[in-house]
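The following exercises are to be worked with the sequence and the coordinates at hand. Each task is followed by a solution in steps.

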Amino acid sequence: MTGRILRIEILRSGALSAAAGTALLGATLLYVAVDGWGGRWMLLALWQREFLFILWPMALGVGAWHAGRDRRSRTDELISTTARPRWHRSLPGAAAMALSAAVGYVLMYAAGVAQVAVFASYLPGQSVVIAGVGVLWMVSGAWLGMTVGALVPSRLTPAVTAVVGAAVAIVAITDRGYSHVPKVVHLLTPSPFGFWGDFVTVSGRVSAAHTVWLAGLAVAGLAGFACATRTARLVGLLPAAVAAVAALALLPADRQRLPVPDPEAAALVCSSDAGLQVCVTRVHATALADLREPARQALATLSAKLPRAPTSVRETPASWYDAQPRPQPRDTLLVELELDPWGGAKATPEELRWRLLEGAGTRPCPYIIGKPLAARSHHTARLAAAAWLIGGRPPSGEYGDAALRAWEKLQSLPATEQRDRVTALREAALACDEVNLLDVLVGDSR
Amino acid sequence: MKRKYGMKKAIRAASVAPTTHAWAIRARDLRVRAGRHLAVNGLDLSLGVGVHGLLGPNGAGKTTLMRVLATVLRPAGGDLELLGHSIHRRLDLRTLRRSIGYLPQEFGFYGRFTVREFIEYLAWLKEVPARDVPDAVQRALERTRLADRGNSRMKTLSGGMLRRAGIAQAIVNDPEILLMDEPTVGLDPEQRMDFRSLLRELGTHTCVLVSTHLVEDVVAACTDVVLMDAGRVVFHGVPADLVGAGQAGMVGDSSAERGYTELLRRHRAAEGAA
């Protein structure tokens, strides 16, 4: 019989429309931001958690609205005279609201999965766990909203609850910052992670802590709605308090960056046709085909024009502005890749070729960070070196004009001098010694 | 849907169990607060099986009496026994409430539910055993002539049909005490005739208390009449006594209405003299 009542509640309580609304809005938000997560399971889960700052307040509001149904329908007097105890009669409604919120979130995830399943090359198990924790956020939101709706019987309650929920989530997100954040913020923020690139994961321990916290929050929400007396409601707060303490203890002590590097995501996938080894990270495996031909051309160019040229190309997950081991490897040409959300590399073959040959097959050095003038000549020289190797004008852009002048000046030098200068630039860039690359390439001092 | 309810319905354990109480409703010096003032103030009343019409002017305390009998309100003083249970602060009302049917004056409903779903939902709230629910719902719908509207949404019903849905939910648990506050409001004459015959049928095994302003309904369908004024019972007798009290030349369009007016007048005169 309770199943039959649950069915009625699901059909008639607005649970279906709420689930459809959540799924539709959620999927729209996701696809507006598809560049951020397309083709990557982990980023899909993290982005979806990020959007909880809108979806969670919605669940709160819908829960609060449902809790006011008896008052709006003026059935409270009739229902108060029936035999079934309050906790028992609240369960089908609470279950319908929880299902609605959870299904809305799962459908939103499914909308993302439809894309990711086609274009992703690496499925980390933790990404599914992160999405699952998001479902718990939705359920706890719906039940918390029902409690507020029951305790504050007013027409304004649903809207005010949703707005307050959104404010809490947004304030917690902005407070997330990049340095030491109080751990408790992680319990208040649906997504305390932020985005740290394609090669991170969230440890199972963090998800376990969130699960404990949300389970406690959900129990308190349910108790607040289902219990008839104030004492019972206060007792219902206990699980939330215990869960908060347990969750804070479970959260890793090093909370500066909750997402941690995922070595699996950064593991290499290689192709070695005709003695030419080209590797990309596992999470960017669909870009391998796009990289292969530009990489072959770049390696051929380098070996034709320079001594001791690299013999393989490898994508690196580390950004150039993070601390790098020095000197950089000589035999391997390191390159950073961005994934196109719809598969492949987010660059044309021509762009990739230029990127590979910038700095004569080297990466920028971090010592230029915070020094605009040094950065300018650094990038200009690197681009001019690529233009010399390719034998064509550098593409227009921030450093295009300056690089064009540098390249023209380089070409005015004798041929052997040109080659020596580019070789010297490559050596200096590999070593990352703090020198002005533009002087090395076209300076008068040599 | 099973239609053999007629056979199934007849004998429920509760209906053949010997009663341990002489009266379904028994009030002694009952006092009930409505807001700050005592809307029921020193009321004595004993009611058993039958259809009892509750009459009285606005403000007489009829609705407050109905609400305390329906366990919405608790007594502020005096004694109240319902089905042998003495109503006091610590009583667990759960068992008692299974045996009460109530149609409030302001009947609220969930507009999105179908009629059948709403009655089913109320049957569940009244803890009708799960296996009995489908038959009980069907029976309640047929008795109120709503069987063909079972799948309509509540919000699409006319005023008369809503009242009937209200009556259907009140009787779905085969209550031993059935309380209906102005159940005939919004019913057309034909529906009122149907309702009266339903009342007569229910009154053979149930204590039915019907609050109304329509004196004619009471005379036509009730086994006895309770007349209230200022929170007390001023007359309790059979309809014939009410009709008998009315004489030609008094205020009112029928002898029953004249009787009603006369009984109230006599009571007020006696109160004034005392």
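**Exercise 1: The first helix of chain A**

The buried residues of α1(A) are covered by elements that include α2 (15-32) and α8 (86-119) of chain A together with α5 (115-125) of chain B. The model is a predicted one, in which local features need pLDDT of at least 70, side-chain atom pairs count only at pLDDT 80 or more, and totals for chains, interfaces and linings use all residues. Residues are numbered from 1 along each chain as its sequence is written, while chains are lettered from A and ligands numbered from 1 in the order in which they are written.

Task: determine which residues of α1(A) are buried.

Solution.
- Step 1. Helices (H or I, at least four residues) and strands (E, at least two) are taken as DSSP runs, numbered from the N terminus.
- Step 2. A residue is buried if 20 or more other C-beta atoms lie within 10 Å of its own, exposed if 12 or fewer, and partly exposed in between, with C-beta atoms placed from the backbone.
- Step 3. The buried residues of α1(A) are A:I5, A:I8, A:E9, A:I10 and A:R12.
- Step 4. Just after α1(A), A:G14 adopts a positive phi of about 90 degrees.

**Exercise 2: The contact between the chains**

Task: state how many residues of chain A are in contact with chain B, and characterise them.

Solution.
- Step 1. Two residues are in contact if their C-beta atoms, placed from the backbone, lie within 7 Å.
- Step 2. By this criterion, 18 residues of chain A are in contact with 24 residues of chain B.
- Step 3. On the side of chain A that touches chain B, α1 (2-12) and α7 (76-80) of chain A each supply at least two residues.
- Step 4. The residues of that side comprise seven nonpolar, five polar and six charged; Ala, Val, Leu, Ile, Met, Phe, Trp, Tyr, Cys and Pro count as nonpolar, Asp, Glu, Lys and Arg as charged, and the others, Gly among them, as polar.

**Exercise 3: A sheet in chain A**

Task: give the strand order of the open sheet of four strands with mixed pairing in chain A, and explain why β3 and β6 each have one side without a neighbour.

Solution.
- Step 1. Two strands pair if DSSP finds at least two bridges between them.
- Step 2. The order is β3-β4-β5-β6 (chain A).
- Step 3. β3 (268-273) and β6 of chain A are at the edges with a single partner strand each, so one side of each has no neighbour in the sheet.
- Step 4. β4 (residues 276-281) and β5 (residues 312-315) of chain A pair in the parallel sense over three bridges, and A:Q277 has A:S312 in β5(A) as its bridge partner.
- Step 5. Four bridges join β5(A) to β6 (residues 332-335) of chain A in parallel, with A:V335 in β6(A) as the bridge partner of A:E315.

**Exercise 4: A sheet in chain B**

Task: identify the edge strands of the open sheet of four strands in chain B.

Solution.
- Step 1. The order is β2-β1-β4-β5 (chain B), and the pairing is antiparallel.
- Step 2. β2 (37-47) and β5 (85-86) of chain B are the edge strands, since each pairs on one side only.
- Step 3. Five bridges join β1 (residues 25-34) to the antiparallel β4 (residues 77-82) of chain B, where B:R26 stands opposite B:E81 in β4(B).
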